[in-house]
Amino acid sequence: MAFINMQGISLSYSGVPIFDGIDLTVERRERIGLVGRNGSGKSTLLRLIEESVKPDSGAVSIQRGTHSAYLSQKVPNEIPGTVFDVVTSGSRQYADLVRRQRSVGLLNEDMPPLPEELDRIHDTLEMQGGWYKREQISKMLSQLGMDSGRAFNSLSAGLKRQVLLKRALVGEPEILLLDEPTNHMDIDSIKELEDMILRFTGALIFVTHDRMFLQRIATRIVEIDRGSLFDQTCDYETFLERRSADREAEETQNALFDKKLQQEEHWVRGGIKARRTRNEGRVRELKRMRDLRSSRRERPGAVKMEAHEAERSGMLVAKADNIGFNYGDAQIISNFSTTILKGDRIGILGPNGSGKTTLLRTLLGMLSPATGTVRLGVNLQISYFDQLLEQLDENKTVIENVADGTDTVTVNGKSRHIVGYLQDFLFSPDQARSLVSVLSGGERNRLMLARLFTRPSNLLVLDEPTNDLDVETLDLLEDLLMSYTGTILLVSHDRTLINNIVTSTLVFEGDSVVNEYVGGYDDWLRQRPQQTKPGKASVKKQAAPPTQVHSARLKLGFRQQKELDALPDTIEVLEREQDELVQVMGAPALYRRDSADIVAANDRLEVIKKLLVDTYARWEELEQVRSDGENSRVSK
């Protein structure tokens, strides 16, 4: 018997159908990644299995004797007790004892145990022989590097999530339900989570926007789309290929259906010459077709993003010379020097609390360094996405946050009505007039992007822009960033985004060290010293070896094919800029300007040459993989 068996599940909220008679079975050791647009019902599906939500019709059956654990997307603000108390509360012994004590009135039914009640619970567990679980939990927390006696409510959101995950696992569940488990986690924590989940032997169902996490963990992908499930047993890249083919087939089928319906409508409007049985049947068929067409649920529209690019900046964007920054006695940055040139795409990686945002703000001149200097280039127009979304006013409407009291916005010289513009970011007219305070996390991030892209910029600064965005919106954001011609500074724990966007990376590593590497996340993994573990850091420049490339498979994945298709345009842009730089450096006017401009132009030319070499190498590598894959299929 399957661990989980869902049959004929239908559910609606306020008349809006979420599920329309879906079926789903889950076996032991399956790791199912749930994907779908924001609001499609991913979290609701987990809660149906967890039994905190009941379906309107249909049944959810869980194999008798199986125990499940659920990690919610929302991190609770207040849970009394220490880290040890919270983790222990996930054990079955603890849950059974609390249940018994509530049944006899020793604990309040509607409240978590108070601190003095927790002490009594732990003493009772000790007497019942629960010492081994205490030892197991203490060892687990020690490996996490966390003080088991620390108050849970004093932790950051990322650490709270790790503790809640430990609480879910300590009960040794057969079914694990995780809703956005990587939210607020840094890259090292995400990798530890991946390793832990790969050792899990039960059934796992999880929701995530982290595409690399999805690719590494999932053995099966289930997409929720317009109340139905698109269920594929494969990895994520293969799923993308199959989904693309399925959508093309659906569009073709719908187009043929609509054409036939149009022909039948034209026939019936011309009048029925005779009431023959054949004609009466044709009228009945037309009515059936009309009903089918009216009941068709169209695929939700995609977010439409277009960055408002300003005039080009000068060649030099920012130059830092031996800067340092402290918070009290804690040194965050020391002796950091770097030069950022027009067109650079810089990624910043590091653990939570290491100083990524501080480095970003110091480079932008928003914070003054304790030592050293920062020089900004000329004609900079900066658009800044801050991870706390502090630029959004919760007491104003969506429209007011974007349009500043006007009815129109201008994007790349084109005037747009604000309601129509916000519909590009999937805000209905009613949502556009609602307060920001009622929006979900994903909606707030979309609103921040909508606001950001109305401001002309040639320097785009993004501090954790991907939180709570669905995967499709992430792909569209990535496409926009790849086509953006200005300079990008990007702080993100999204390894796929870093891989696909940046040309170089600053990584907080070791004891007070930050190293600089050519390329993205995977390039850093190949180049970094093996003994290095990320941590708080000052900065030390390290020469990066040439980017290495490897052919891991004999066929291109969906993302690789997309990358290959884009490379000719990328090469054309780079070659055009190279030609412009050669002309500028050959003009006498350049040498009458500041010497820094001459140096910056020469440095940029060297960067472009290196990028062209790497881009051509990547093109040849992907073409070889594609060719090998085609030859392999032919030989079979």
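What share of the contacts in the chain with a separation of 6 or more comes from residues 24 or more positions apart? The figure is 70%. Contact here means heavy atoms within 4.5 Å.

Some ground rules. This is a predicted model, in which local features need pLDDT of at least 70 and side-chain atom pairs count only at pLDDT 80 or more, while totals for chains, interfaces and linings use all residues. Residues are numbered from 1 along each chain as its sequence is written, and side-chain values use heavy atoms, with hydrogens and water left out.

Now the overall picture. The chain has 636 residues, and 47% of them are buried. Buried means under 20% relative accessible area, exposed means over 50%, and partly exposed is in between, with a 1.4 Å probe and protein chains only. About 30,800 Å² of the chain is exposed, and carbon and sulfur atoms supply 49% of that area. Those areas come from the Shrake-Rupley method with a 1.4 Å probe; for residues, only the protein chains shown count as cover. I count 20 helices and 20 strands. They are DSSP runs numbered from the N terminus: helices are H or I with at least four residues, strands are E with at least two.

Next, the cores. A nonpolar core is a set of buried Ala, Val, Leu, Ile, Met, Phe, Trp, Tyr and Cys residues joined through side-chain atoms within 4.5 Å. The largest one has 44 residues. Ile418, Tyr421, Leu422, Leu447, Phe453 and Leu481 have the most contacts inside it. Helix 15, residues 441-452, gives the most to this core, with 5 residues. Take Leu481. Setting aside residues up to four places away in sequence, Leu481 touches Arg345, Leu460, Leu462, Ile488, Leu497 and Ile501. There is also a second, separate core of 41 residues, with Val35, Val86, Leu164 and Phe230 among its members.

On to the strands. In a regular strand the side chains alternate between the two faces of the sheet. Strand 5, residues 68-71, shows such alternation. Ala69 and Leu71 point to one face and are buried. Ser68 and Tyr70 point to the other face and are not buried. Which way do strand 5 and strand 6 pair, parallel or antiparallel? They pair in the parallel sense, over 4 bridges, and strand 6 covers residues 175-179. Two strands pair if DSSP finds at least two bridges between them. Leu71 has Leu178 of strand 6 as its bridge partner.

Then there is an open sheet of 3 strands. Its order is 11-10-13, with antiparallel pairing. Strand 11 (330-341) and strand 13 (371-376) are the edge strands, each pairing on one side only. Neighbouring strands here are turned by 15 degrees against each other on average, direction ignored. Axes are lines fitted to C-alpha atoms, for helices over the stretch in contact, and angles run from 0 to 180 degrees between N-to-C directions. Strand 10, residues 316-327, pairs with strand 11 over 8 bridges. Within that pair, Leu316 stands opposite Leu341. Helix 11, residues 356-363, packs on the sheet and touches strand 10, strand 11 and strand 13. The direction of helix 11 makes about 50 degrees with that of strand 11.

One loop residue: Pro55. It lies between helix 1 (42-50) and strand 4 (57-62). Pro55 counts as partly exposed because its relative accessibility is 22%. Beyond neighbours within four places in sequence, Pro55 is in contact with Ile9, Ser10, Leu11 and Leu48.

Last topic, charge. Side chains of opposite charge can pair when their charged atoms come close. A salt bridge is a side-chain nitrogen of Lys or Arg within 4 Å of a carboxyl oxygen of Asp or Glu. By that rule there are 22. Arg247 and Glu223 form one, at 3.3 Å, N to O. Arg247 lies in helix 9 (residues 236-269) and Glu223 in strand 8 (residues 220-225), so this pair ties together parts 24 residues apart in sequence. Both Arg247 and Glu223 are buried.

Glu394 and Arg444 form another, at 2.4 Å, N to O. Glu394 sits in the loop between strand 14 (382-385) and helix 12 (398-403), and Arg444 in helix 15, so the bridge links parts 50 residues apart in sequence. Is each partner buried or partly exposed? Glu394 is partly exposed at 36% relative accessible area, while Arg444 is buried at 18%. Finally, salt bridges with shared partners join Glu194, Asp195, Asp210, Arg216 and Arg495 into one network.
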